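Colleague: I would like a close look at one part of this model, the aromatic rings and the elements around them. Please keep it plain enough for a first-year student.

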Amino acid sequence: MAGVSQEYTIQDAGDEKRILFHDALSLQNVERIARPVDEYVSHVPEKSRIVIDLSDLKTMDTVGSGLISTLNRKALARHVDFRIENANADVRRVLDRFLWLDTPQKKEKTFLDWMESNGESILKAKDRFVEFLQLVADTLIFSIVEDKRTRRVRKGAVWQEANQIGIGAMGIVCLLSSLIGLVVTLQTASLLRMFGADILVADMIGISMVRELGPLMTAIIMAGRSGASIAAEIATMSINEEISGITTMGLDKVKYIVVPKFRAISLTMPGLTVFSIVCGILGGFIIAVFYMGLSPSAFIHELSTAVFLKDVLVTLLKSLVFAWIIVWVAAHQGFSAYGGSEAVGRVTTTSVVLSIFWCIIADALFSIIFYF
């Protein structure tokens, strides 16, 4: 027995400390009870348990519930488990109305609770998805329907964008694709030699570059180079309120800004993809001829038997879809930029990550549809 009084009893049973209140816990007696009980709780060892037993308590007012709330806070500060047990109906009614515990009672979350906590995020995601669909629709429509006023304002914009997006990327595409073709062929050569199947290196590099590595590597390079550039440009215009100025002039922002980029990347991406495939196969050709000792004619003949027209057409369609994903994601992120200059970096990074992610998802869907 750790402490006894006419108004309360403290029972110490190892890790469990039990405090029993008797008869009443109200304004008339809380002042006498509070100090010794509070001092006892302050010295309870950490990671033990305090149980407030109200089985013998008949009445309680708001002052009594305040005392229990204070004990609860002190227990939590010492990492002590705090529980209330055996309250009668009248006492429980006071506790439910006035008692505030730092550790709320656990209750199973319902679907309505989940909707309440996540509803705002869901609505924002829905709004952004609708904005993205509107951007896609406007881009497709305005790319087909010609506007003489916009064409007059941005004369030659498509060819200027094509030069920046396509021709400017040829160097990095050639370098990386050649190195990838070279390394993949070099890594495969030793394995094929074990089975005496050196000639199959032509099939391997041809199929891998045409079906997968060529279009996917080009898309990743374009997402990191041109996609980031588009997102940063549009984000800067949004922050500097140039978009508002374009709208004030009576010009459509999608038609004026996005459509030239959309047309330019649609024209250049298939060509860059073919260029990437050729460079990758050329890298494999160098390893096959100068390291593995294959004749150039044998390599070319084996390559022609492995790659079909269907593969080329699917790759061109794939590259076009990748191009559209890159420009749509970049433009959508750019238009959504707000705040200061840090927003440009934020939306640029998000644009690159999302573009690569959705290009890989689209690539997987193409593989399932055409080759599964």
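How many aromatic pairs does the structure hold?

Modeller: The structure holds six aromatic pairs. Rings of Phe, Tyr and Trp (for Trp, the six-membered ring) pair if their centres lie within 6.5 Å; planes under 30 degrees apart are stacked, over 60 edge-to-face, and the rest tilted. The model is predicted, so local features need pLDDT of at least 70 and side-chain atom pairs count only at pLDDT 80 or more, while totals for chains, interfaces and linings use all residues. Numbering starts from 1 along each chain as its sequence is written, and side-chain values use heavy atoms, leaving out hydrogens and water.

Two numbers describe such a pair: the distance of the ring centres and the angle of the planes. Take Phe262 and Trp324. Their centres are 5.6 Å apart, with 25° between the planes, and the pair is stacked. Phe262 lies in helix α10 (residues 253-290) and Trp324 in helix α12 (residues 309-335), so the pair ties together parts that are 62 residues apart in sequence. Helices here are DSSP runs of H or I with at least four residues, strands are runs of E with at least two, and the numbering goes from the N terminus.

How covered are these two rings? Phe262 has 5% relative accessibility and counts as buried. Trp324 has 24% and counts as partly exposed. The cut-offs are simple: buried is under 20% relative accessible area, exposed is over 50%, and partly exposed lies in between (1.4 Å probe, protein chains only). Ring pairs also link Phe262, Trp324 and Trp328 into a cluster.

Now a pair with another geometry. The rings of Phe285 and Phe299 have their centres 5.3 Å apart and their planes at 75°, so this pair is edge-to-face. Phe285 lies in helix α10 and Phe299 in helix α11 (residues 296-306), so the pair ties together parts that are 14 residues apart in sequence. Phe299 is buried, at 1% relative accessibility.

Rings also meet charges. A charge sits over a ring if NZ of Lys or CZ of Arg is within 6 Å of the ring centre and within 35 degrees of the ring normal. The charged end of Arg193 sits over the ring of Tyr291, 5.0 Å from its centre. Lys255 lies over the face of Phe142, and the distance to the ring centre is 4.3 Å.

Next, the helices. Helix α6 (residues 157-165) crosses α10 at roughly 45°, and their axes come within 8 Å. Axes are lines fitted to C-alpha atoms, for helices over the stretch in contact, and angles run from 0 to 180 degrees between N-to-C directions. α6 and α10 are therefore oblique to each other. Angles under 35 degrees count as roughly parallel, over 145 as roughly antiparallel, 65 to 115 as roughly perpendicular and the rest as oblique. The α6 and α10 crossing is right-handed. A crossing is right-handed if the near helix is turned clockwise from the far one by less than a right angle, and left-handed if anticlockwise.

Helix α12, home of Trp324, packs with α8 at an angle of about 20°, and their axes are 8 Å apart. α8 and α12 are therefore roughly parallel to each other. This crossing, too, has a hand: α8 passes α12 in a right-handed crossing. Ala223 is found in α8. Ala223 is buried, with a relative accessible area of 0%. Its C-alpha atom and that of Cys359 are separated by 9.2 Å, with their places 136 residues apart along the chain. After α8 (200-239) comes a loop that leads to α9 (242-248), and Glu241 is found there. Glu241 has a positive phi of about 65° although it is not a glycine. Glu241 is exposed, with a relative accessible area of 56%.

Last, some strands. Two strands pair if DSSP finds at least two bridges between them. Six bridges join strand β2 (residues 8-13) to β3, and the two run antiparallel. Ala13 stands opposite Glu16 in β3. The hairpin of β2 and β3 has two residues between the strands, and Gly14 takes a positive phi near 70°. Five bridges join β3 to strand β5 (residues 49-53), and these two run parallel. There, Arg18 has Val51 in β5 as its bridge partner. Five of the six residues of β3 (residues 16-21) are buried, so this strand is largely enclosed by the rest of the structure.
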